Amino acid sequence: MLKPGLVVYLHGDLGAGKTTLVRALLHALGHVGRVKSPTYTLVEPYQVNGLNLRHFDLYRFQDENEWEAAGFRDEFDGRNVCLVEWPEQAQGLVPQADWDIRFRILPEGRNIEIHANSLMGKECLTALQN
Ligand SMILES: Nc1ncnc2c1ncn2[C@@H]1O[C@H](COP(=O)(O)OP(=O)(O)O)[C@@H](O)[C@H]1O
Ligand SMILES: [Mg+2]
């Protein structure tokens, strides 16, 4: 149900399962090979199943000037599906999310909530539920 331009924020503590979800999603789309955490590179690009996907991890993002310099603004021009871990680290720079996914570790298992914020986000979520 992913569409070009969809921006997904992944919220949750370290180890909550954000990267694991991205990994599973990429493999479900048909990606073969490694999906490494972009902890140091900040972003990893993928092309899979006719989609351009960008996996961000902004945990180590610090310098606002780096946003433009690294070309991150262009990544959100509507062509890519963008999955963003730690969007809070670049508040005001990362465009608004169509989906917020919240991960919580429970005494047994995990709780994951998906919130759709935009029309496109709502349409994708409805499609997923049907
Ligand atoms: N839904 C899940 N159920 C069980 N274990 C999980 C789940 N999601 C992640 N894990 C485990 O938790 C650990 C950390 O997950 P990771 O996805 O790297 O967290 P994050 O990216 O949120 O920091 C990994 O060892 C992974 O196997
Ligand atoms: Mg991670």
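# A tour that starts at strand E1

Select strand E1 (7-11) first: four of its five residues are buried, so the strand is largely enclosed by the rest of the structure. Here a residue is buried if 20 or more other C-beta atoms lie within 10 Å of its own, exposed if 12 or fewer, and partly exposed in between, with C-beta atoms placed from the backbone. Strands (E, at least two residues) and helices (H or I, at least four) are DSSP runs, numbered from the N terminus.

Before moving on, a word about what is on your screen. This is a predicted model, in which local features need pLDDT of at least 70 and side-chain atom pairs count only at pLDDT 80 or more, while totals for chains, interfaces and linings use all residues. Residues are numbered from 1 along each chain as its sequence is written, and chains are lettered from A and ligands numbered from 1 in the order in which they are written.

**Stop 1: the whole chain**

Zoom out and colour by secondary structure. You should find four helices and six strands, running β-α-β-β-α-α-β-β-β-α from the N terminus on. The C-alpha trace spans about 40 × 35 × 30 Å along its principal axes. The radius of gyration is 14 Å, which agrees with the value near 14 Å for a compact globule of 130 residues; it is taken over C-alpha atoms, and the globule rule is 2.2 Å times the number of residues to the power 0.38. Of the 130 residues, 25% count as buried. Two residues are in contact if their C-beta atoms, placed from the backbone, lie within 7 Å. Among contacts with a separation of 6 or more, 55% are between residues 24 or more positions apart.

**Stop 2: the neighbours of E1**

Go back to E1 and add strand E4 (80-85). The two run parallel and are joined by four bridges; strands pair if DSSP finds at least two bridges between them. Pick Tyr-9 and you will see that it stands opposite Val-84 in E4.

Now show strand E5 (99-105). Four bridges join E1 to E5, again in parallel. Val-8 stands opposite Trp-99, and Leu-10 stands opposite Ile-101.

From E5, step across to strand E6 (residues 110-116), where seven bridges join the two strands in an antiparallel arrangement. Arg-104 has Asn-111 in E6 as its bridge partner. E5 and E6 form a hairpin with four residues between them, and Gly-109 in the turn has a positive phi of about 85°.

**Stop 3: the nonpolar core**

In soluble globular proteins, nonpolar side chains tend to be buried together. The largest nonpolar core here has 22 residues, and those with the most contacts inside it are Val-7, Val-8, Phe-56, Leu-58, Cys-82, Leu-83 and Val-84. E1, H1, strand E3 (51-57) and E4 each supply at least two residues of this core. Such a core is a set of buried Ala, Val, Leu, Ile, Met, Phe, Trp, Tyr and Cys residues joined through C-beta atoms within 7 Å.

Which residues does Leu-83 touch, leaving aside its neighbours within four places in sequence? Leu-83 is in contact with Val-8, Leu-10, Val-22, Leu-53, His-55 and Phe-56.

**Stop 4: ligand 1**

Select ligand 1 and the residues around it: Gly-12, Leu-14, Gly-15, Ala-16, Gly-17, Lys-18, Thr-19, Thr-20, Glu-85 and Arg-110. A residue belongs to this shell if its C-beta atom, placed from the backbone, lies within 6 Å of the ligand. Helix H1 (residues 18-29) gives the most to the shell, with three residues. The shell divides into two nonpolar, five polar and three charged residues. In this count Ala, Val, Leu, Ile, Met, Phe, Trp, Tyr, Cys and Pro are nonpolar, Asp, Glu, Lys and Arg are charged, and the others, Gly among them, are polar.

**Stop 5: two loop residues**

Find Leu-42 in the loop between H1 and strand E2 (43-48). Although Leu-42 is not a glycine, its phi is positive, at about 70°. Leu-42 counts as buried, with 21 C-beta neighbours inside 10 Å.

Next, pick Trp-86 in the loop between E4 and E5. Trp-86 also has a positive phi, of about 55°, without being a glycine. Is Trp-86 buried or exposed? Trp-86 is buried, with 21 other C-beta atoms within 10 Å.

**Last stop: Met-1**

Finish with Met-1, in the segment before E1. Met-1 is exposed, because 11 other C-beta atoms lie within 10 Å. Leaving aside its neighbours within four places in sequence, Met-1 is in contact with Cys-124, Ala-127 and Leu-128. The C-alpha atoms of Met-1 and Ala-127 are separated by 6.5 Å, although the two are 126 residues apart along the chain.
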